[in-house]
Amino acid sequence: MTSSSLLASLQASGSLYLPLNDFGPAMAGMVIGGLGIIHVFLAQFAIGGGMLLCYFEWLAQTGRSHHARRFLNGYFQLLVLISFVLGALTGVGMWLTSIQVSPRTIGLMVDEFHWIWAIEWTFFTLEVVAGYTFYRTGKYLSDKLRLRLLILYSLASFGSLFWINGILSWQLTPGAWLDSGSVWGGFFNPSFWPSLLFRTVVSTTLGALMACVVINIMGELSQEQRQHLLHRVAHFLAPMAIMPIIGLWYLAVIPADSRSWLLGGSIAMTLFLGLAVASSALIGGYAAFGLWRRRFDINGPTAALLVALALGATAGGEFVREGARKPFTVRNTLYSNAIAPAEVASLRVNGSVTDDPYPIRERERFANKQLVLGARVYRRQCSVCHTINGANGVLHLAGSWTPNQIRLNLAKLQHTKAFMPPFAGNADELEALVQLILWERNEAPSQWPLSPRSDDKKLMTQLQRWLDEAGIAPGSTVYQRLVGQEIESDTNAEAN
Ligand code: HEC
């Protein structure tokens with residue numbers, strides 16, 4: 001099914017208005033991002049940990065290391081178990097939050113990729129069964145069976161990464177899917193391979209760092225045995241050497257406007273990217289130095305610190321990957337607020353919340369009906385990325401603006417900041433949203449006049465003109481060039 005026919009069917013089924021939850025001081029997008037970071041960290045550790053278990057089992061069976069078994073049967077397998085159980089739980093948590101934050105986006109993803117997801121779950125089931133069987137029965141099994149079980153666990157956990165990676169990378173670079181609607185075209189999209197390779201290297205790194213912590217808390221090892229095991233583990237850090245190349249490859253395949261956010265266009269993202277790169281470089285540098293001197297040693301606290309650094313790098317990396325998609329959740333198909341680009345034109349005329357059936361929370365708090373309308377518009381179009389007063393709060397951002405400045409900047413939202421979608425409502429909705437911001441800024445008094453006042457004939461005409469000038473294409477210069485439109489100089493339009 002192509003994206004446009006899918007949207008048509010969404011519209012026809014009347015499912016355009018899906019209920020959105022409000023998460024208080026955190027913006028909705030942050031809730032899913034935060035959970036995602038924990039999930040990714042645990043799941044990737046479970047993959048790297050599994051590979052490390054295979055390696056150590058092999059070392060033990062081939063007589064290359066006499067202590068490897070000890071390590072295997074100790075905390076480490078427990079840790080892998082915990083991480084894949086928690087990984088699974090947070091995975092379910094991701095579903096529960098994503099249907100509250102962006103039901104339409106996740107709906108589109110399920111529509112397009114249900115079979116891929118089914119395959120992923122098959123692998124995941126295999127992972128759980130193999131991992132748990134090893135944990136419960138490993139010590140009674142023959143060497144051959146043990147190794148087979150571990151290899152099965154590793155392949156299955158890597159398999160689940162392989163399948164989910166196609167779906168996630170498709171969101172930023174849908175590739176051939178955009179034209180053909182082909183599932184495989186979307187799955188093997190331009191960022192599929194760099195992203196898969198990158199995550200694989202992150203997995204082995206996490207596995208190795210956690211192993212360093214475990215080796216240090218295994219009290220029964222002599223200094224020499226400890227060193228021996230650590231040196232083996234360090235091999236799993238070596239793939240980090242190719243991280244910079246994969247990182248550059250990834251940067252090269254993502255859309256130009258996304259790249260520009262990362263490389264200075266959005267300072268928050270640039271800083272997070274910088275932190276992720278710096279943390280990774282510190283970990284890699286530490287490993288390289290140890291391996292080069294052929295004496296990789298690392299004590300417990302240092303290892304724990306490196307794990308924390310890796311968590312920071314994961315957080316930074318995921319933040320950047322999610323952020324780089326803005327203003328889309330699925331590039332060129334759905335904006336972050338789940339409005340499709342093709343719908344903006346009609347929403348500009350008919351309004352974006354005209355048929356919104358869902359009640360507004362604390363309805364009695366609002367001083368008049370216009371403010372309730374504003375709250376609906378805000379919920380539909382802004383709440384995924386903003387809060388009123390908390391994280392990325394509009395009052396913080398527009399707190400010092402004059403009323404007309406707010407009007408202009410919201411009317412031309414995609415030009416105000418190109419990582420926002422165009423405003424997708426009519427002039428009445430725009431004014432209601434502006435009133436909401438002004439009212440909240442004045443500490444939400446119980447009396448508030450309607451706007452515009454009856455003697456003000458010009459305001460709505462002005463708003464409409466600003467909306468028309470803004471157009472409906474996304475704001476980045478990349479898009480402006482695509483639609484053959486320069487950002488016009490509007491000297492005479494704004495003079496009045
Ligand atoms: C895709 C996510 C997203 C959506 C949807 C979104 N915004 Fe934003 N908005 C942002 C980000 C990110 C910033 C930048 C914050 C910063 O610079 O610190 C921003 C900035 C702003 C600013 C300050 C602009 C400036 O130049 O300083 C205002 C005002 C604003 N948004 C209002 C809104 C309103 C109102 C809506 C809904 C109609 C909305 N935004 C929809 C992500 C979004």
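**A helix, two domains and a ligand shell**

In this predicted model, helix α11 has three buried residues, namely D257, S258 and W261. These residues span an arc of only 110 degrees around the axis, and they therefore lie on the same side of α11. The other side of the helix presents A256, L263 and G264, which are exposed. A residue is called buried here if 20 or more other C-beta atoms lie within 10 Å of its own, and exposed if 12 or fewer do.

The helix α11 also has a place in the wider arrangement of the chain. The chain is divided into domain 1, residues 3–334, and domain 2, residues 339–495. The centres of domain 1 and domain 2, taken over C-alpha atoms, are separated by 38 Å. Contact between the two involves 23 residues of domain 1 and 24 residues of domain 2. On the side of domain 1 that touches domain 2, the elements giving two or more residues are α1 (3–12), α2 (28–61) and α11 (256–265). By class, that side of domain 1 comprises 14 nonpolar, six polar and three charged residues.

The ligand offers another point of orientation. Around the ligand there are 23 residues, of which S336, C382, C385, L397 and A398 come nearest. Two or more residues of this shell are given by each of α16 (394–398), α17 (403–411) and α18 (413–416). Helix α16 gives the most, with three residues. In terms of class, the shell around the ligand contains 14 nonpolar, seven polar and two charged residues.

Terms used:
Residues numbered from 1 in each chain as written. Predicted model: local features only at pLDDT ≥ 70, side-chain atom pairs only at ≥ 80, totals over all residues. Near = placed C-beta within 6 Å. Helix = DSSP H or I, 4+ residues; strand = E, 2+ residues; numbered from the N terminus. Nonpolar A, V, L, I, M, F, W, Y, C, P; charged D, E, K, R; others polar. Domains from an automatic or database assignment. Contact = placed C-beta atoms within 7 Å. Arc of directions from axis to C-beta.
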